[in-house]
Amino acid sequence: MKVLVIGGGNMGLTYAEAIANSKFLKDKDLMILDNSKEKTEELRKRSHFAVFEKLEDCVPAADVIFIAVKPYHANALMETMKDLTSEGQIFISLMAGVTIAAIQEGLNRKKVVRAMPNLPAQVGKGLTSFTASDEVSRLELSTIENLLDTTGRSVRLDTENDIDASTGISGSGPAYIFYFMQSMLEAALKMGFSKHDSRVLVEQTFAGAVELFSSSDLDPEAWMNRVASKGGTTRAALDSMDDNNVKEMIKEAAYAAFNRAVELGKEYQNG
Ligand SMILES: NC(=O)C1=CN([C@@H]2O[C@H](COP(=O)(O)OP(=O)(O)OC[C@H]3O[C@@H](n4cnc5c(N)ncnc54)[C@H](OP(=O)(O)O)[C@@H]3O)[C@@H](O)[C@H]2O)C=CC1
Ligand SMILES: O=C(O)[C@@H]1CCC=N1
């Protein structure tokens, strides 16, 4: 099997690296192409995949093609590559919002998987949700799942609406965690800790809390109550968050990402 990744940025390169490291494919069976000259030079320095500059030199040879460009580059890319594609090929889009129907129409091909990864894929801790068009067979789906799992875990969802929703939770979610971390860092700095100490305090607190959460079936609320003593410091902080409606705001933020994914789908529907 030959796999091509189009777009060597955050996600495309992450996937290419993960597939290469998994030894799922032979080195030269993994191909990558990016339209920027500098990035192409960078990619050439990594020996474990074949780097291409022209779509015509790699698209026809691929069995599976990852599309890892920004949604606003989708239509131009599909227009240029559509005559190079063939019927059996499977296209895996990592693009937020862009629908299976838009890709089927843009490429005039039927086998399309829509996947929503997240950035922790860079350290093998990614979560990729995915769904596929009916034309992708069970056997093909299991191969696709193996490819996606090279970056962490994957979850198969029933509908594209689920993919848009998962974008609001897991796709964009790492940024919400970083937002929280940034706020705690800023508080630590304000309290007078050095940059280094602030980072250690925040990093170990997040890492420890996540590990605790993973260690049992308890929900976060129960863990919150284990930290908070009656009349103590944590309760003061949690009350302050409740007074400021922080929980509702975070939910609203997740919905904003979900809604934006739906909107992107409409924007890139018909070229
Ligand atoms: N970053 C993330 O956390 C996540 C991203 N995604 C999705 O992944 C996709 C890629 O995002 P990300 O990796 O962050 O983006 P990047 O901008 O980092 O990478 C995209 C790369 O594709 C290149 N490119 C653009 N057009 C073409 C083309 N026609 N042929 C070949 N290469 C091209 C870009 O070059 P140039 O810079 O010159 O345009 C760039 O190097 C997006 O659609 C996004 O929705 C999904 C989940 C999480
Ligand atoms: O912000 C975005 O549009 C992409 C999709 C999910 C994470 N990054």
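Helix α7 covers residues 160-171 and helix α12 covers residues 246-267. In this predicted model, their axes come within 7 Å and cross at roughly 140°. An angle over 145 degrees would count as roughly antiparallel. The two helices are therefore oblique to each other. The crossing of α7 past α12 is right-handed.

Which residues of α7 and α12 meet? From α7 come Asp164, Ala165, Thr167, Gly168 and Ile169. From α12 come Ala254, Tyr255, Ala257, Phe258, Ala261, Val262 and Gly265. By class, this contact has eight nonpolar residues, three polar and one charged.

Thr167 leads on to ligand 2. This residue belongs to the α7 side of the helix contact, and it is also part of the surroundings of ligand 2. Ala96, Gly171 and Ser172 complete that shell. What classes of residue does the shell around ligand 2 hold? Three are polar and one is nonpolar. No charged residue takes part.

A further site comes from a record. An unreviewed UniProt entry lists a "binding site". One group of its positions is Ile6, Gly7, Gly8, Gly9, Asn10 and Met11. The others are Ala68, Val69, Lys70 and Pro71. In sequence, the listed residues are spread over 66 residues. In space, they cluster, and the largest C-alpha distance is 14.4 Å. Where does asparagine 10 sit? This residue is found in helix α1, which spans residues 10-22.

Notes. Residues numbered from 1 in each chain as written. Chains lettered and ligands numbered in written order. Predicted model: local features only at pLDDT ≥ 70, side-chain atom pairs only at ≥ 80, totals over all residues. Near = placed C-beta within 6 Å. Nonpolar A, V, L, I, M, F, W, Y, C, P; charged D, E, K, R; others polar. Axes fitted to C-alpha atoms, helices over the stretch in contact; angles between N-to-C directions. Helix = DSSP H or I, 4+ residues; strand = E, 2+ residues; numbered from the N terminus. Parallel < 35°, antiparallel > 145°, perpendicular 65-115°, else oblique. Left-handed = near helix turned anticlockwise from the far one by under 90°. Contact = placed C-beta atoms within 7 Å. UniProt positions renumbered as here; feature names shortened; annotations may be inferred.
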